[in-house]
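Visitor: Could you take me on a close look at the aromatic rings in this protein? I would like to see how they pair up and what lies around them.

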Amino acid sequence: LALMHRKQFGNLGELKIAAQLVGLGYHVFTELGDICKSDLIVLGDDYTPIKLQVKCRTVKSGAVILSTKKAGPNYRFRYEKKHADIYAMYVPERDLCLYVSNTELLAQTTLNIRIDPSLNNNKRLVRFASEYTDFNKALEKIKKS
């Protein structure tokens, strides 16, 4: 993974998320050109479109971080509700797909999701990866908002 170009790394995340959602029975469409702030469009049985922004993240200090901000050469922005309904994350070291509703992510600047137990075994106010593995659970959260 360390030798992989960052665009390949992102493509890997999109493909893994798409494959999991197809396996769950969803119809998945991809964005061409890497310009839009939505990476995938997902349709369920009722054909209501669900916009996904996909990130591929490596584990650092036992956690992965999802940010509402993005910057690169000649651009800087903060994601807004219109950009995505669900933020999906692929963690390649664990072959793990995580799903966060836009309402939960956009209520803060960053979201730390713990993959491994903390060294002091603290569980108070900790978001564990096991809380974010269910796409349908994230979907229910956006339907309630």
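Guide: Happily; we will go through the ring pairs, then the largest pocket and the cysteines.

Please keep in mind that this is a predicted model. A pair of aromatic rings is described by the distance of the centres and the angle of the planes, and the structure holds 5 aromatic pairs. Let us begin with Y26 and F135. Their ring centres are 5.0 Å apart and their planes stand at 75°, so this pair is edge-to-face; the cut-off for that label is an angle over 60 degrees. Y26 belongs to the loop between α1 (6-23) and β1 (27-30), while F135 is in helix α3 (residues 135-144), so the contact ties together parts that are 109 residues apart in sequence. Y26 has 13% relative accessibility and counts as buried. F135 counts as buried too, at 1%.

F135 also pairs with Y99, again edge-to-face, with 5.2 Å from centre to centre and 80° between the planes. Here the distant parts being linked are strand β8 (residues 96-101), which holds Y99, and helix α3, which holds F135, with the two positions 36 residues apart in the chain. Both Y99 and F135 are buried.

Elsewhere among the rings, Y75, F77, Y79 and Y87 are joined into a cluster by ring pairs. F77 has a charged partner as well: the charged end of K37 sits over the F77 ring, 4.5 Å from its centre.

Now for the empty space. The largest pocket holds about 930 Å³. Its lining comprises 32 residues, and R6, V54, K55, R57 and K70 are the ones nearest the centre. The elements contributing two or more residues to this lining are α1, β3 (49-56), β4 (63-67), β5 (69-72) and β6 (75-78). Helix α1 gives the largest share, with 6 residues. Sorted by class, the pocket lining has 12 nonpolar, 8 polar and 12 charged residues.

A last stop is the cysteines. A disulfide is a covalent bond between the sulfur atoms of two cysteines, and this structure holds 0 of them. For C56, the closest cysteine sulfur is that of C97, 9.4 Å away, which is too far for a bond; the cut-off is 2.5 Å. Seen from C97, the closest cysteine sulfur is in C56. C56 is buried, with a relative accessible area of 7%, and C97 counts as buried at 8% relative accessibility.

Definitions and conventions:
Residues are numbered from 1 along each chain as its sequence is written. This is a predicted model: local features need pLDDT of at least 70, side-chain atom pairs count only at pLDDT 80 or more; totals for chains, interfaces and linings use all residues. Side-chain values use heavy atoms; hydrogens and water are left out. Rings of Phe, Tyr and Trp (its six-membered ring) pair if their centres lie within 6.5 Å; planes under 30 degrees apart count as stacked, over 60 as edge-to-face and the rest as tilted. Helices (H or I, at least four residues) and strands (E, at least two) are DSSP runs, numbered from the N terminus. Buried means under 20% relative accessible area, exposed over 50%, partly exposed in between (1.4 Å probe, protein chains only). A charge sits over a ring if NZ of Lys or CZ of Arg is within 6 Å of the ring centre and within 35 degrees of the ring normal. On a 1 Å grid over the protein atoms alone, a cavity is a set of points where a 1.4 Å probe fits but cannot get out, and a pocket is an open set with protein on both sides within 12 Å along at least five of seven lines; lining residues have an atom within 4 Å of a point. Grid points are joined across faces, edges and corners, and a volume is the space filled by probe spheres set on the points. Ala, Val, Leu, Ile, Met, Phe, Trp, Tyr, Cys and Pro count as nonpolar, Asp, Glu, Lys and Arg as charged, and the others, Gly among them, as polar.
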